[in-house]
Amino acid sequence: MSMINENNHPKIVSKIAIIGGGVSGIAIAKQLSHHNPIVFEATNSIGGVWKHCTYNSTKLQSHRRDYEFTDFPWPNRDNPDFPTHVEVLDYLRSYAKHFDVIKNIRFNSKVVELRFNGSNPHKFGGVGLPHDLDYGNLLSGESMWDVAVQTNDSDNIQWYSFEFVVLCLGKNGDIPKIPMFPRKKGLEVFKGKVMHSLDYSKLDQDDANQLLKNKKVVVVGFKKSGIDLALECAQANQGIEGKACTMVIRTLHWTVPHYWIWGLPFFLFYSTRFAQLFHERPNQGLLRALLCYIFSPMRLGISKFIESYLLWKLPLEKYGLKPEHPFVEDYAACQMAIMPENFFNEVEKGKILFKKTSKWWFCNEGIEFEDNTKVEADLVILATGFEGKKKVKTILPEPFCSLLECPSGLMPLYRGTIHPLIPNMAFVGYVESVSNLHSSEIRSIWLAGLVDEKFKLPTIESMLSQTLKEIEVMKRSTRFYKRHCISTYSINHSDEICNDLGWSSWRKKNWISEAFGPYSSQDYEKKD
């Protein structure tokens, strides 16, 4: 590491920057530790959403053994309970401490700007791109990106220069997604309090209870965060004086009570090689495409089989909560959520109410709907998600900012990591699967292999073609494709990564386990 002075900015020069200290950030920091990367974390802690975007009741959506690093098992991995957010954060901190990742992290260091400093900017940009153009090495010995860092919210900016930058800012947190409203029908006309779930997550348990207790609360949204919020609201409003919480629902999604369907483990339906044979994947060839077409009734039959159990187990039809689309579309979009155990108990008691609508807006007393009905409210909480890509767009310069997304709204990421048109930069944590931790770790292992030149990237044109094929598969699989989820062909995705690394893609001990056993992070532990 050295320091130079350029353009009146004292600049620290190093090889690799990692922006973000969440799950993806610590995963790639560990894999690249032999390069001594600098990790910039805007807050005072690692953990990302597990530290800054959780409620008191937030739990992991999967079992411990399905959410662990390949070389760092949970201490009590066979515990059947879903871990709390505190347990997950402790696990991530233990991982970072065990592998000495912390030494490379600069806490309270917010990246506020990136500037491309490469000597050949015209090579990228996508206009008139030669078909055989190579992407190039990630560590070329030349500083490619200048990074501006604000420390401890001070006015001073420290500039750094790096050969390679890894963005791990994630898709959740930091920038809330706020709905747009017609003129004079927005937040300004409502006399009560409005907050986003991001603001609510910063409250401790006592403050959260005080905020919700004996209040008429409206929660907008019916994904995991909205469901958890409604349950916390109901639990804070027990007794005669307690008010009901109303959930405003625009789009219904399937929820599951646990990972068993009519006595069968859930992994049998989607998480084995045999199960994923029924689902389309990129580059599958004519024969496999034909098999997918032939087996399409089986694919829909499995979805119906799961739906039949959910409708029997949960009172979805009683409360008008049955989605119109098949279950498999939610699974293919990583939209499936675990329903908290006591949720429908509170619904039965009248503590949680539902209002389905396609349009809504604020009025003086609360919320008004397109059917001219109203719901009075003291507090409205928007569980409407996050503008994850805005975090990247605020720091990424042109022309790369404009190239970030395809017209479909998805980032074209080769192997879920490299944007073919953005030089010397990688993105980790922007592709979703059943286990986002495993998804981030295996891409981190792949990226470390690429940095160390264990394999070469194909041409830019080939990478673009591959990413567009993935996007087309997602668009055909689900109407909710913009989440960039690979859950229905995750094993194939991992196979491609293994092939690049020179590993065997078949990770099990025998063909029966290979065909019908569930794949997990432990199957991808490096074999020395």
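## Cavities, sheets and a pocket

About 30 Å³ of space lies in the second largest cavity. The model is predicted. A search of the whole structure finds 2 cavities of 30 Å³ or more. Which residues line the second largest cavity? They are Ala-332, Met-474, Ser-477, Thr-478, Cys-485, Thr-488 and Tyr-489. By class, this lining has 4 nonpolar and 3 polar residues, with no charged ones.

The largest cavity has a volume of about 40 Å³. Its lining is made by Lys-171, Lys-389, Leu-410, Met-411, Tyr-430, Lys-482 and His-484. Here charge does appear: the lining divides into 3 charged, 3 nonpolar and 1 polar residue.

The table sets these two cavities beside the second largest pocket.

| Space | Volume | Nonpolar residues | Polar residues | Charged residues |
|---|---|---|---|---|
| Largest cavity | about 40 Å³ | 3 | 1 | 3 |
| Second largest cavity | about 30 Å³ | 4 | 3 | none |
| Second largest pocket | about 830 Å³ | 19 | 15 | 5 |

### The second largest pocket

This pocket has a volume of about 830 Å³. Its lining is made up of 39 residues. Which of them lie nearest the centre? They are Asp-66, Phe-267, Ser-271, Val-434 and Tyr-519. Three elements give two or more residues to the lining: helix H7 (267-270), helix H15 (436-451) and helix H17 (490-501). Helix H17 gives the most, with 5 residues. The lining has 19 nonpolar, 15 polar and 5 charged residues.

### The parallel sheet

Five strands form an open sheet with parallel pairing. Their order is S8-S19-S9-S10-S15. Which strands stand at the edges? Strand S8 (193-196) and strand S15 (352-356) do. Each has a single partner strand, so one side of each is left without a neighbour in the sheet. From one strand to the next, the twist averages 20 degrees.

Take the S8 edge. Strand S8 is joined to strand S19 (residues 379-382) by 4 bridges, and the two run parallel. His-196 stands opposite Leu-382 in S19.

Helices pack on this sheet. Helix H5 (residues 205-212) lies across S8, strand S9 (217-220) and S19. Its direction is at about 125 degrees to S19. Helix H6 (residues 224-236) touches S9, strand S10 (245-249), S15 and S19. The direction of H6 makes about 165 degrees with that of S10.

### Ser-197

Ser-197 is found in helix H4 (residues 197-200). Is Ser-197 buried or exposed? Buried: its relative accessible area is 4%, and the cut-off for that word is under 20%. Leaving out residues up to four places away in sequence, Ser-197 touches Tyr-55, Leu-229, Ile-381, Leu-382, Ala-383 and Phe-386. Leu-382 is also the residue of S19 that stands opposite His-196. The C-alpha atoms of Ser-197 and Pro-176 are separated by 8.2 Å. These two residues are 21 residues apart along the chain.

### Strand S6 and its antiparallel partners

Strand S6 (residues 145-151) pairs with strand S5 and strand S7. Strand S5 (residues 109-116) is joined to S6 by 7 bridges, and they run antiparallel. On this side, Phe-116 has Trp-145 in S6 as its bridge partner. With strand S7 (residues 157-167), S6 pairs over 6 bridges, again in the antiparallel sense. There, the bridge partner of Asp-146 is Ser-161 in S7.

S6 and S7 form a hairpin with 5 residues between them. Asn-152 in the turn has a positive phi of about 55 degrees.

Why is S6 largely enclosed by the rest of the structure? The reason lies in its residues: 5 of the 7 are buried. In a regular strand the side chains alternate between the two faces of the sheet.

### Gln-466

Gln-466 is found in helix H16 (residues 460-477). Gln-466 is buried, with a relative accessible area of 7%. Again leaving out residues up to four places away in sequence, Gln-466 touches Pro-282, Asn-283, Tyr-414, Arg-415 and Glu-496.

How values were computed. Residues are numbered from 1 along each chain as its sequence is written. This is a predicted model: local features need pLDDT of at least 70, side-chain atom pairs count only at pLDDT 80 or more; totals for chains, interfaces and linings use all residues. Side-chain values use heavy atoms; hydrogens and water are left out. Two strands pair if DSSP finds at least two bridges between them. Axes are lines fitted to C-alpha atoms, for helices over the stretch in contact, and angles run from 0 to 180 degrees between N-to-C directions. Contact means heavy atoms within 4.5 Å. On a 1 Å grid over the protein atoms alone, a cavity is a set of points where a 1.4 Å probe fits but cannot get out, and a pocket is an open set with protein on both sides within 12 Å along at least five of seven lines; lining residues have an atom within 4 Å of a point. Grid points are joined across faces, edges and corners, and a volume is the space filled by probe spheres set on the points. Ala, Val, Leu, Ile, Met, Phe, Trp, Tyr, Cys and Pro count as nonpolar, Asp, Glu, Lys and Arg as charged, and the others, Gly among them, as polar. Buried means under 20% relative accessible area, exposed over 50%, partly exposed in between (1.4 Å probe, protein chains only).
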